[in-house]
Amino acid sequence: MTDTAQPIPTLADIEAARETIAGVARVTPMETSQFLAEILGSPVHLKCENLQRTGAYKVRGAYNRLSTLSADERAAGVVAASAGNHAQGVALAARELGIPATIFTPVGVALPKLQATRHYGADVVLRGHTVEEALSAAKDFAAQTGAVFIPPFDHPAVIAGQGTLGLEIVDQVPDVDTVIVPIGGGGVIAGIAIAVKGMAERTGRRIRVIGVQAENAAAYPSSIRAGQPVTITTTPTIADGIAVARPGDMNFPIIRDLVDEIITVSDDDVARALLVLLERAKLVVEAAGAVGVAAIMAGAVQDTGRTVVLLSGGNIDPLMMERIITRGLVAASRYIGIRIMLPDRPGQLARVSQVISDAGANVVEVLHTRHGQGLVISEVALDLSIEARGPEHAGEVMNRLHEAGFRPEQLTN
């Protein structure tokens, strides 16, 4: 069976949800970031939902929704489709409530997420190569078996459960002025907006809510312009957890009416943010969970007072983390590629290495070839991967090479 249309949740619904999920979802820490505060010009706090059970906020909405099921519905079980956080949230909530759960995931789901979902006791079915294909299979399963389909964001009980984050934010930072939240389908920002705006109204204050999307999967800006949810064509993004092609039907009007601003960030922005969170805050955050930090670092957020940034999840595959860290180093000019055309005679590589060493940089990879690259017969191409300390140091390395008589070209990839 599937859910029918229901009223938009209220602040009272979110307060009730907090009582419902209290024994399952943790009240996650609120950390401060001096580094981000210096960039923004106001205090910055990090709401660490990456430290939540299952590694993301999704368990809040999933448990709240499953708690509303009747005895017959619980006996029929639940079904969901997800490539990650929603799967784990539903699986844990179902286990806690003693409800059978079936989760459809794409065939290529990351192994850690697959293992975690099974560990929570769900029956995991690999189906299709995209979330959309898994979603279709889950809905077919619900129609055939009578299991209750649990949507990831487009349901009032799910929104209310996610909105408990807003209550915690105001409790932990009572004088918050701005809250920055990632947006995928819109469930968490819709709930947070209802909560913080409602709490602010009670005290005669104003709290701004800013949403952030990955620019390769930003369905909300075009939908806001159109006045209704529209489906976009997404392109690959490292923030795959918020790569949703169409806003939720219930989420859209809440976000349209309550969210003050929606901005987008690039994959390079996100990679830099993940690197900073690792180095400065000692926090492991998935790409989708770091877009708020990326927005501050990219200068896309104006100083609007004391700011809380939601780190919405920390479920990142180690192999993907390695790739993203490398991309972050490149984006921050701490890992650069240089190509130099050299005369094909002994000692040239040693000369180049000495110049780079004298500039305080480190060569980590070398490709030396006589073939291709438009070379003449007496030339070789030298491709170097170099560790630098940032843009200024990278520029210094390039200047030193020029001064030594070389013609270095910084590679874009």
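## A tour from a parallel sheet to its salt bridges

Begin by selecting strand β3 (residues 78-81) together with β4: the two run parallel and are joined by 4 bridges. What you have open is a predicted model, and what follows should be read with that in mind. Within this pairing, Val78 is the residue that stands opposite Ala101 in β4.

Now extend the selection to the other side of β4. Strand β4 (residues 101-105) pairs with β5 in the parallel sense, again over 4 bridges, and if you pick Phe104 you will find that its bridge partner in β5 is Val125. Strands of a sheet pair through backbone hydrogen bonds, in either a parallel or an antiparallel sense.

With the neighbours displayed, widen the view to the open sheet, whose 4 strands follow the order β5-β4-β3-β6 with parallel pairing. Its edge strands, each pairing on one side only, are β5 (123-126) and β6 (148-149).

Return to β4 and show its side chains. How many of the residues of β4 are buried? The count is 5 of its 5 residues, so the strand is mostly covered, given that buried means under 20% relative accessible area. Both faces contribute to this picture, since Ala101, Ile103 and Thr105 are buried on one side, while Thr102 and Phe104 are buried on the other.

Leave the sheet and select Lys47 and Glu168, which form a salt bridge whose closest N and O atoms are 2.7 Å apart. Because Lys47 lies in strand β2 (residues 44-48) and Glu168 in helix α8 (residues 156-172), the pair ties together parts that are 121 residues apart in sequence. Lys47 has a relative accessible area of 0% and is buried, and Glu168, at 7% relative accessibility, counts as buried too.

Next, add Arg60 and Glu49, whose side chains meet in a salt bridge of 2.5 Å from N to O. Arg60 lies in helix α3 (residues 58-67) and Glu49 in the loop between β2 and α3, so this pair ties together parts that are 11 residues apart in sequence. Both Arg60 and Glu49 are buried. Keep the four residues on screen, for Lys47, Glu49, Arg60 and Glu168 are linked in a network of salt bridges.

For another pair, select Asp268 and Arg327, which form a salt bridge with the closest N and O atoms 2.7 Å apart. This pair links distant parts of the chain, with Asp268 in helix α12 (residues 267-279) and Arg327 in helix α14 (residues 318-331), 59 residues apart. Are these side chains buried or partly exposed? Asp268 is partly exposed, with a relative accessible area of 30%, and Arg327, at 37% relative accessibility, is likewise counted as partly exposed. A search of the whole structure finds 20 salt bridges, these pairs being among them.

Finally, zoom out to the entire protein, whose C-alpha trace spans about 80 × 50 × 40 Å along its principal axes. A cartoon view will show secondary structure that comes to 16 helices and 14 strands. Of the 413 residues, 54% are buried, and among contacts between residues at least 6 apart in sequence, 74% join residues at least 24 apart. If you turn on a surface, the protein exposes about 17,700 Å², with carbon and sulfur atoms supplying 50% of that area. Colouring by charge brings up 35 positive and 44 negative charges, whose mean positions are 1 Å apart.

Technical notes. Residues are numbered from 1 along each chain as its sequence is written. This is a predicted model: local features need pLDDT of at least 70, side-chain atom pairs count only at pLDDT 80 or more; totals for chains, interfaces and linings use all residues. Side-chain values use heavy atoms; hydrogens and water are left out. Buried means under 20% relative accessible area, exposed over 50%, partly exposed in between (1.4 Å probe, protein chains only). Contact means heavy atoms within 4.5 Å. Accessible areas come from the Shrake-Rupley method with a 1.4 Å probe; for residues, only the protein chains shown count as cover. Lys and Arg count as positive and Asp and Glu as negative; His and the chain ends are not counted. The place of a charge is taken as NZ of Lys, CZ of Arg, CG of Asp or CD of Glu. Two strands pair if DSSP finds at least two bridges between them.
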